[in-house]
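Hi,

Here is the structure I promised to pass on. Have a look at it first, and my notes on what turned up are underneath.

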Amino acid sequence: MSGSMKDWQPWAMPALLIATAARLLARIADARFRDIGISVSQLPVLVALKDGASLSQKELTRRAGVEQPSMAQLLARMERDGVIRRKPDPADGRSSLISLTARTMKLIDPARAIMAQGNRDALAGFNDDEVRQLVALLQRVIANVSDGSDCPPSTGTAPLASDPTVGAR
C-alpha cells in the first residue's frame with residue numbers, strides 16, 4: 001500500500017465533494033418538486049420535451065444518457081402518473097412519440113422557478129466570476145468522465161448568480 005492513511009483525505013477529493021453536493025441538491029429539489037407532482041429523475045425528460053416536442057424513447061434515452069431499460073421504467077411511471085402521453089410515430093409504426101401532457105406543460109414554469117431558487121440557494125455568496133468559473137470547471141469534469149452522450153452542449157458562457165433564471169434554462 002503506497003502512502004499512508006494520513007495522505008487519504010476524502011473530504012478534500014473533488015469527486016466526493018461533487019457527488020455529495022449532487023446528492024444534497026437532488027434531495028432538496030425532490031422535496032420542492034414533490035409539491036407540484038414531479039421528481040428530479042424526470043428532469044431530463046421534462047427538459048427535452050418542455051417546448052412541446054414529441055420525441056421517441058430512443059431519443060430521450062440518448063439525451064438523458066441513461067440505459068434503455070431505466071428510461072422505459074421512468075416513462076412507464078410518468079405515463080401512469082399523467083406526466084407524459086404516447087402517440088404512434090407516423091414515420092415508424094413500431095415506435096411511439098412521447099410528449100408532455102397539458103397538465104405537465106403548466107408545471108414547467110413552476111419547475112423552472114424551483115430550479116432557479118435551488119441554484120440561488122446553492123450559490124449564495126458566490127460572485128458572478130466565481131459562478132462562471134465553477135460552471136466552466138464542472139463542465140470540464142463532466143467532459144473528462146463522459147462519453148459525450150449525456151453532456152448538454154456548452155454555450156460557452158455561464159449564467160450569472162444574480163440572474164433570477166439561473167438554472168431555469
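For the charged pairs, I count a salt bridge when a side-chain nitrogen of Lys or Arg is within 4 Å of a carboxyl oxygen of Asp or Glu. One pair that passes is aspartate 129 with arginine 132, whose side chains meet at 3.0 Å, N to O. Bear in mind that this is a predicted model.

Staying with that pair: both residues sit in helix α7 (residues 128-145), 3 residues apart, about one turn of the helix. Aspartate 129 counts as exposed at 55% relative accessibility, while arginine 132 is partly exposed, with a relative accessible area of 36%.

A search of the whole structure gives 9 salt bridges. Another of them is made by the side chains of glutamate 59 and arginine 63, at 2.8 Å from N to O. These two are in helix α3, 4 residues apart, again about one turn of the helix. Both count as partly exposed, glutamate 59 at 22% relative accessibility and arginine 63 at 43%. There is a network here too: salt bridges link Glu59, Arg62 and Arg63.

Then there is a pair that reaches across the sequence. Arginine 32 and aspartate 121 form a salt bridge through their side chains, at 2.7 Å, N to O. Arginine 32 belongs to helix α1 and aspartate 121 to helix α6, so this pair ties together parts that are 89 residues apart in sequence. Arginine 32 is partly exposed, at a relative accessible area of 28%, and so is aspartate 121, at 37% relative accessibility.

Helix α6 also passes a quick geometry check. Its 15 residues should span 21 Å at 1.5 Å a residue, and the end C-alpha atoms are indeed 21 Å apart. On its buried side you will find Ile108, Ala111, Ile114, Ala116 and Gly118. The buried residues of α6 pack against α1, α2, β3 and α5 (102-105).

Now the inside. Which residues of the largest nonpolar core touch the most other members? They are Val45, Leu60, Leu75, Met78 and Ile84, out of 23 residues in that core. At least two core residues come from each of α1 (14-34), α2 (43-49), α3 (57-64), α4 (68-80), β3 and α6 (108-122). The biggest giver is α2, with 5 residues.

Leucine 75 is a good place to start browsing. Leaving out neighbours within four places in sequence, leucine 75 is in contact with Val45, Gln57, Leu60, Ile84, Arg86 and Ile98. From there you can step to glutamine 57, which lies in helix α3. Is glutamine 57 buried or exposed? Its relative accessible area is 17%, and the cut-off for buried is under 20%, so glutamine 57 counts as buried. Not counting residues up to four places away in sequence, glutamine 57 touches Gln68, Met71, Ala72, Leu75, Arg86, Ser96 and Ile98.

Last, the strands. Strand β2 (residues 84-89) pairs with β3 in the antiparallel sense over 6 bridges, and the two form a hairpin with 2 residues between them. Isoleucine 84 stands opposite leucine 100 in β3. Strand β1 (residues 55-56) also runs antiparallel to β3 (residues 92-100), joined to it by 2 bridges. There, serine 56 is opposite leucine 97.

Over to you!

Notes:
Residues numbered from 1 in each chain as written. Predicted model: local features only at pLDDT ≥ 70, side-chain atom pairs only at ≥ 80, totals over all residues. Heavy atoms only, no water. Pairing = 2+ DSSP bridges. Core = buried A, V, L, I, M, F, W, Y, C linked by side-chain atoms within 4.5 Å. Buried < 20%, exposed > 50% of the residue type's maximum accessible area, 1.4 Å probe, protein only. Contact = heavy atoms within 4.5 Å. Expected span 1.5 Å × (residues − 1).
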